[in-house]
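Reader: Could you walk me through the sheet, the aromatic pairs and the nonpolar cores of this protein?

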Amino acid sequence: MAKPTVEIYPEQNALFRAATERIASILAAKLQEKERATLVLTGGNTPRPAYELLSKPPFSERVDWNRVHFFRGDERCVPPDSPESNFGMAWSALISKVNAPPAHIHRIAGELEDAEKAASLYEAEIRSILPGDGVPSFDLVLLGMGEDGHTASLFPGTQWDEERLVVTNHVPQSGARRISMTPRLLNEAKAIILLTAGSNKAKALARAQGDPASDSPVSRIRPARGSLMWMVDRAAASQLI
Ligand code: 6PG
């Protein structure tokens, strides 16, 4: 595994522009090499400004969006039109604005009553788009990190089947159900950007950087062969020695 990189930006606007530039560059480079690119989007609030920047010139013009497949790293068990929906946020901030072909939009069916079924269906959809015997490898995965060190919907103190690619899980504090890609799948990515901002993330970031063997789920993000780029603002990095 290549050593993770950590890039610290002076404030959030600089961070989001740099992250958008990096996402556009990676996608454009992949589309120079091959017919399509696969992009896994994270949820939460942090990425929204980057998605909005990516959805308009100059960044949007750098990517042939007709050849990008959009996936989700995790989803809440809610309908896509719920304000809680990660897909709904990505749709309004980015996907709807770049006119991605509907067949290239791979949404987790959070609205299904049977979350296990939704997880299994998503795993099957991923394998249908990225066929092969091994674990599918996405070109670019975007992830965030919670104050407790969770990433995607992999929360501290929760268990998941490590052999699976997509699992159901829950938020310990609320019991809310979630569906999430697992480290086994995420770590096959060719590139992972972990986008983190705000002083409220400083403790979790310092722990993740200071003790890679820690049990915080974000420390499980260690791409086998790909790159891991932490892109953070100075506030989130305030406890890094
Ligand atoms: C989600 C995300 C989650 C997110 C972190 C950080 O479903 O909420 O996938 O992993 O990245 O919770 O969220 P914020 O960016 O809102 O701080």
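Here are some questions and answers about it.

Author: Happy to help: this is a predicted model, where local features need pLDDT of at least 70, side-chain atom pairs count only at pLDDT 80 or more, and totals for chains, interfaces and linings use all residues. Residues are numbered from 1 along each chain as its sequence is written, and side-chain values use heavy atoms, with hydrogens and water left out.

Reader: What is the strand order of the open sheet of 3 strands?

Author: Strands here are DSSP runs of E with at least two residues, helices are runs of H or I with at least four, and both are numbered from the N terminus. Two strands pair if DSSP finds at least two bridges between them. The edge strands, E4 (74–76) and E6 (166–170), each pair on one side only. With antiparallel pairing, the order is E4-E7-E6.

Reader: Which residue in E7 is the bridge partner of Thr168?

Author: E6 and E7 (residues 177–181) pair in the antiparallel sense over 5 bridges. For Thr168, the bridge partner in E7 is Ile179.

Reader: Are the planes of Phe87 and Trp91 stacked or edge-to-face?

Author: Rings of Phe, Tyr and Trp (its six-membered ring) pair if their centres lie within 6.5 Å; planes under 30 degrees apart count as stacked, over 60 as edge-to-face and the rest as tilted. Phe87 and Trp91 are 4 residues apart in helix H3 (residues 86–93), so about one helical turn separates them. Their ring centres are 6.0 Å apart and their planes at 25°, so the pair is stacked.

Reader: Is Trp91 buried, partly exposed or exposed?

Author: Buried means under 20% relative accessible area, exposed over 50%, and partly exposed in between (1.4 Å probe, protein chains only). Phe87 has a relative accessible area of 10% and is therefore buried. Trp91 has 39%, so this residue is partly exposed.

Reader: Which element gives the most to the largest nonpolar core?

Author: A nonpolar core is a set of buried Ala, Val, Leu, Ile, Met, Phe, Trp, Tyr and Cys residues joined through side-chain atoms within 4.5 Å. The largest has 40 residues, and Ile126, Phe138, Met181 and Trp230 have the most contacts inside it. Among the elements giving two or more residues to this core are E6, E7 and helix H6 (202–210). The most, 6 residues, comes from H4.

Reader: How many residues does the other core have?

Author: That core lies apart from the largest one, and its members include Tyr9, Leu15, Val68 and Phe87. Its residue count is 39.
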